[in-house]
Structures are given as structure tokens and as C-alpha cells.
Amino acid sequence: MKIVHVPCLEDNYAYLIIEEESKEAAAVDPVEAEKVVGVANAYGVNLTTVLTTHHHWDHSGGNEKIKQLVPGIKVYGGSIDNVKACDVKLENGQRISLGSNLTVVSLHTPSHTKGHMSYYVTTAAATHHPPAVFTGDTLFVAGCGKFFEGTAEQMYESLCVTLASLPKPTQVFCGHEYTVKNLQFALTVEPENQKISHKLAWAKQQRQANLPTIPSTIEQELETNPFMRVDLPQLQEKVGCKSPVETIGEIRKRKDNWRG
């Protein structure tokens, strides 16, 4: 498995997931269709699949165009998410094969949108590549999406149950380059968390060099992302809450009002 970042718009990422044996590839959220197809051509891959995380324009807005550019390409999206130009409507836990070695599992991760899907990708055992998860606007590095179409309960379930239960080495590929701001905010919640401070220093260096801060891993998110740490009693106490769900709601409210 090879994963290629394709920066789009101002701060979005589309991705190519390449199955290296067959050269078959999937595009995740190819909002700038021509750009993504150009990168696919440069790698000499056969683009067969589009995986759309959610219906917002900056993620699904390239679907119609990519179908014109790549006849026969199949667009996948959440069954209740009203994704543009969608051919296959996915439920939670459906499997898609990519080439002979990759399996993609759709994970329903609602709250940002009601039908938001994350895509968990694993390789055949012999290839030793860590799994990857494409989380759109549900999980960001050190952050999460706004609860536009859902609730704190749903975001808790999406982050702290569904995604947190993936293997810790799983690489996290999210929809936007928001990492520096997210870590700066995370420090306001947990000022003494050294792992946040260290990651922030690294993220600033990456961005100064015009390099991505993605991927993260599930393990790193459990150590540095306040929205994934709401089960910890000490974090609940810090924000004056009594339960994980109340805590995730309070931290989201603080983030929405934060002007860092």
C-alpha cells in the first residue's frame, strides 16, 4: 500500500490509496478532480474508486468531474449522506477490495454530518504496512469536526468508541491541515501535557518546511487529542464536567469560541 497526499483548495487533503501490485488506486475526497487524476497518471495507476467521507462541497465537489475524466470510476459514500454523484451507498462495516491486497471497511462516524464515513484500510498479512484510516472531518490531528448534523453523544461514539478501538499503530489521514491550531488549543485544555508540546513544536517545523503534519496514529491521538481523552477523569475535572459526553461537548464549545 502506498498513500499519496494531494493538497487541494486552501487546506484540504485528497489522497490516493495505491495497491502497488496491481497498480489499482482509490481517491479519497478528490475535490480537485483534474489535480488528483494528474497525480494518479504521474504514478501510472488505474483509478477505479472514489471514497467520499461526506457530502460537504470541499470533499464531494469533485465527484461529477472525476466521473467525466475517468469513465467507469465508481463513487462510494455513506447511505444517508446524500453524496454527489454516488454510485454505491455504504452502510457501516461494508468491505471494498482494492487490487488483490487491500481491503477497505466503511465505518459510520456521524456528527459532523449524519452519514459521515471513515475508511479503514488494511493490507494482506504478508505486506506489513500498518493499517490506515481516512477520517474526513470527524477526526483531525489533535481535533475533531464541528457537530453540524449531530450531537456530542455521536461524536463521542465516533471518536472514542469506533476510531479509538482501531489498532494503535493505525495511521490517521484526515481531511484538513489544521494540526498547529488544534495543538495550540489542546494546550489550553492540558497545559502540562508534554506530548502535546512536543508534537506542536514538530508540527510547526513541518509547516515551515511546507510539509504535511499527516499522518498521525491512533496511539498519538489518544495521547494528544483532547476530544479522544474525554474518558479520563482528570480531563473531565479540568473542564468541570462529570461524564465523557458532557466533556466532549464542553471542549467543542470552548474550541468554537477560541480565538488562538
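Two strands count as paired here if DSSP finds at least two bridges between them. With that in hand, open the model, which is a predicted one, and start with a sheet.

**Stop 1: the sheet of strands 1 to 6**

Select strands 1 to 6: they form an open sheet of six strands in the order 1-2-3-4-5-6, and the pairing is mixed. Look for the two edges at strand 1 and strand 6 (88-90), each of which pairs on one side only. From one strand to the next, the twist averages 25 degrees.

Now select helix 1 (residues 33-42), which packs on this sheet. Helix 1 touches strand 1, strand 2, strand 3 and strand 4 (46-51), and its direction makes about 150 degrees with that of strand 1.

Zoom in on strand 2 and strand 3 (residues 24-28). Five bridges pair these two in the antiparallel sense. Show E19 and you will find it opposite E24 in strand 3. In the loop between strand 2 and strand 3, pick out K23. The phi of K23 is positive, about 60 degrees, although K23 is not a glycine.

**Stop 2: a pocket beside strands 1 and 2**

Which residues lie closest to the centre of the second largest pocket? Select P7, N12, Y13, R207 and N210; they are the closest of the 13 residues that line it. The space in this pocket is about 170 Å³. Strand 1 (2-8) and strand 2 (12-19) are the elements that give two or more residues to the lining, and the largest share, three residues, comes from strand 1. Colour the lining by class and you should see six nonpolar, three polar and four charged residues.

**Stop 3: the other six-stranded sheet**

Next, select strands 7, 8, 9, 10, 13 and 14. They make an open sheet of six strands with the order 7-8-9-10-13-14 and mixed pairing. Strand 7 (95-98) and strand 14 are the edges, each pairing on one side only.

Strand 7 and strand 8 (residues 102-108) run antiparallel and are joined by four bridges. Show S97 to see it opposite T103 in strand 8.

Just before strand 14 (216-217), visit P215 in the loop that follows helix 6 (194-208). The peptide bond joining I214 and P215 is cis, with omega about 15 degrees.

**Stop 4: helix 4 and helix 9**

Add helix 4 to the view. Helix 4 lies across strand 8, strand 9 (117-123) and strand 10 (132-136), and runs at about 145 degrees to strand 8.

Then select helix 4 (residues 152-163) together with helix 9. Their axes come within 9 Å and cross at roughly 105 degrees, so helix 4 is roughly perpendicular to helix 9. To see the contact, show A152, E153, M155, Y156 and L159 of helix 4 with P244, V245, I248 and G249 of helix 9. By class, the contact has seven nonpolar residues, one polar and one charged.

**Stop 5: the largest pocket**

Finish at the largest pocket, whose volume is about 290 Å³. Select F140, C144, K146, Y178 and R252, the closest to its centre of the 15 lining residues. Which element gives the largest share of this lining? Helix 9 (residues 244-257) does, with three residues. In the whole lining, seven residues are charged, four are polar and four are nonpolar.

How values were computed
Residues numbered from 1 in each chain as written. Predicted model: local features only at pLDDT ≥ 70, side-chain atom pairs only at ≥ 80, totals over all residues. Heavy atoms only, no water. 1 Å grid on protein atoms, 1.4 Å probe; cavity = no way out; pocket = protein on both sides within 12 Å on 5 of 7 lines; lining within 4 Å. Points joined across faces, edges and corners; volume = space filled by probe spheres on them. Nonpolar A, V, L, I, M, F, W, Y, C, P; charged D, E, K, R; others polar. Axes fitted to C-alpha atoms, helices over the stretch in contact; angles between N-to-C directions. Parallel < 35°, antiparallel > 145°, perpendicular 65-115°, else oblique. Contact = heavy atoms within 4.5 Å.
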